[in-house]
Amino acid sequence: MKFTSISLATATLAAITLVAPLAAQAQGNDCNNCGTVQSVKAVQRNGGTNGIAGTQVTPGMAIGGVVGGLLGNQVGHGNGRAAATVVGVAGGAYAGHQIEKNRNHYTAYVMRIRMNDGSMRTIEQRTALARGSRVVVDGQSAHLRSTNPNANRG
């Protein structure tokens, strides 16, 4: 009888040891890279500009410089005309570069995420996730957590 009790206790302990991790997975507690969005803030960003042929000269700078130089050349006589042309090139290049930067303007979302382990992560991306959403953090981005408990293991 004692042998049966010990065998039954051992079998019960083994079953608990095997079932407990499965229950934790079903509840989603095993996801190391999961969390909950605590706050979302929209921020305005200027996109980068690409230089021509690997240089820092952007198309906006080149076009602006040419237009500014042509307009500056229409002003004054002699050395005044040369100075106006130089100022026109510089001013046009600057204006063209600023216009190009503003053309690449976009809204990004800064989200504070409380991870399952209690730590906080800050993620900035172009797609907003609602406050309170359960998410998976993947590198420097976050996405909604799947309702399938096996889909988001981390």
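Helices (H or I, at least four residues) and strands (E, at least two) are taken here as DSSP runs, numbered from the N terminus. The exercises below concern a predicted model.

**Exercise 1. Determine how many helices and strands the protein chain contains, and in what order they run.**

Solution.
- Step 1: Counting the runs gives three helices and five strands in the protein chain.
- Step 2: Read from the N terminus, these elements follow the order α-β-α-α-β-β-β-β.

**Exercise 2. Establish where in the protein chain confidence is lowest and where it is highest.**

Solution.
- Step 1: Begin with the chain as a whole: the mean pLDDT is 76, and 73% of the residues reach 70 or more.
- Step 2: Proceed to the elements. Helix α1 (residues 2-27) has the lowest confidence, with a mean of 48, whereas strand β3 (residues 120-125) has the highest, at 96.
- Step 3: Examine the weak stretch. The pLDDT is below 50 over residues 13-28, and this stretch makes ten contacts in the model beyond near neighbours in sequence.

**Exercise 3. Find which residues the disulfide joins, and decide whether they are buried or exposed.**

Solution.
- Step 1: Searching the whole structure yields one disulfide.
- Step 2: Its partners are Cys-31 and Cys-34, with an S to S distance of 1.7 Å. This satisfies the cut-off, which asks for cysteine sulfur atoms within 2.5 Å.
- Step 3: The torsion about the S-S bond of Cys-31 and Cys-34 is about 70°, and the disulfide is therefore right-handed.
- Step 4: Cys-31 and Cys-34 are both buried.

**Exercise 4. Identify which residues form the largest nonpolar core and which strand gives the most to it.**

Solution.
- Step 1: For context, buried residues account for 24% of the 154 residues in the protein chain.
- Step 2: The largest nonpolar core consists of nine residues, namely Val-37, Met-111, Ile-113, Met-115, Ile-123, Leu-129, Val-135, Val-137 and Ala-142.
- Step 3: At least two residues of this core come from each of β2 (105-115) and β4 (134-138). Strand β2 gives the most, with three residues.
- Step 4: Take one member, Val-37. Not counting residues up to four places away in sequence, Val-37 touches Arg-112, Ile-113, Leu-129, Ala-130, Arg-131, Gly-132, Ser-133 and Val-135.

**Exercise 5. Decide whether Ser-133 is buried or exposed, and describe what its side chain reaches.**

Solution.
- Step 1: Locate the residue: Ser-133 belongs to the loop between β3 and β4.
- Step 2: The relative accessibility of Ser-133 is 15%, so this residue counts as buried; the criterion is a value under 20%.
- Step 3: The side chain of Ser-133 reaches the backbone oxygen of Ala-130 at 2.8 Å.
- Step 4: With neighbours within four places in sequence left aside, Ser-133 contacts Gly-35, Thr-36, Val-37 and Leu-144.

**Exercise 6. Determine which residues Gly-92 is in contact with, leaving aside its neighbours within four places in sequence.**

Solution.
- Step 1: Gly-92 lies in helix α3 (residues 79-103).
- Step 2: Gly-92 has a relative accessible area of 13% and is buried.
- Step 3: The contacts of Gly-92 are with Gly-60, Gly-64, Gly-65 and Gly-68.
- Step 4: For the pair Gly-92 and Gly-68, the separation is 24 residues in sequence and 4.3 Å in space, C-alpha to C-alpha.

**Exercise 7. State what share of the contacts between residues at least 6 apart in sequence joins residues at least 24 apart, and what the accessible surface of the protein chain comes to.**

Solution.
- Step 1: Among those contacts in the protein chain, the share is 58%.
- Step 2: The accessible surface of the protein chain is about 10,300 Å², and 60% of this belongs to carbon and sulfur atoms.

Notes. Residues are numbered from 1 along each chain as its sequence is written. This is a predicted model: local features need pLDDT of at least 70, side-chain atom pairs count only at pLDDT 80 or more; totals for chains, interfaces and linings use all residues. Side-chain values use heavy atoms; hydrogens and water are left out. Buried means under 20% relative accessible area, exposed over 50%, partly exposed in between (1.4 Å probe, protein chains only). pLDDT is the predictor's confidence in each residue, from 0 to 100. Contact means heavy atoms within 4.5 Å. Accessible areas come from the Shrake-Rupley method with a 1.4 Å probe; for residues, only the protein chains shown count as cover. A nonpolar core is a set of buried Ala, Val, Leu, Ile, Met, Phe, Trp, Tyr and Cys residues joined through side-chain atoms within 4.5 Å. A polar contact is a pair of N or O atoms within 3.5 Å; within protein, one must be able to donate a hydrogen and the other to accept it, and residues adjacent in sequence count only if both atoms are side-chain atoms.
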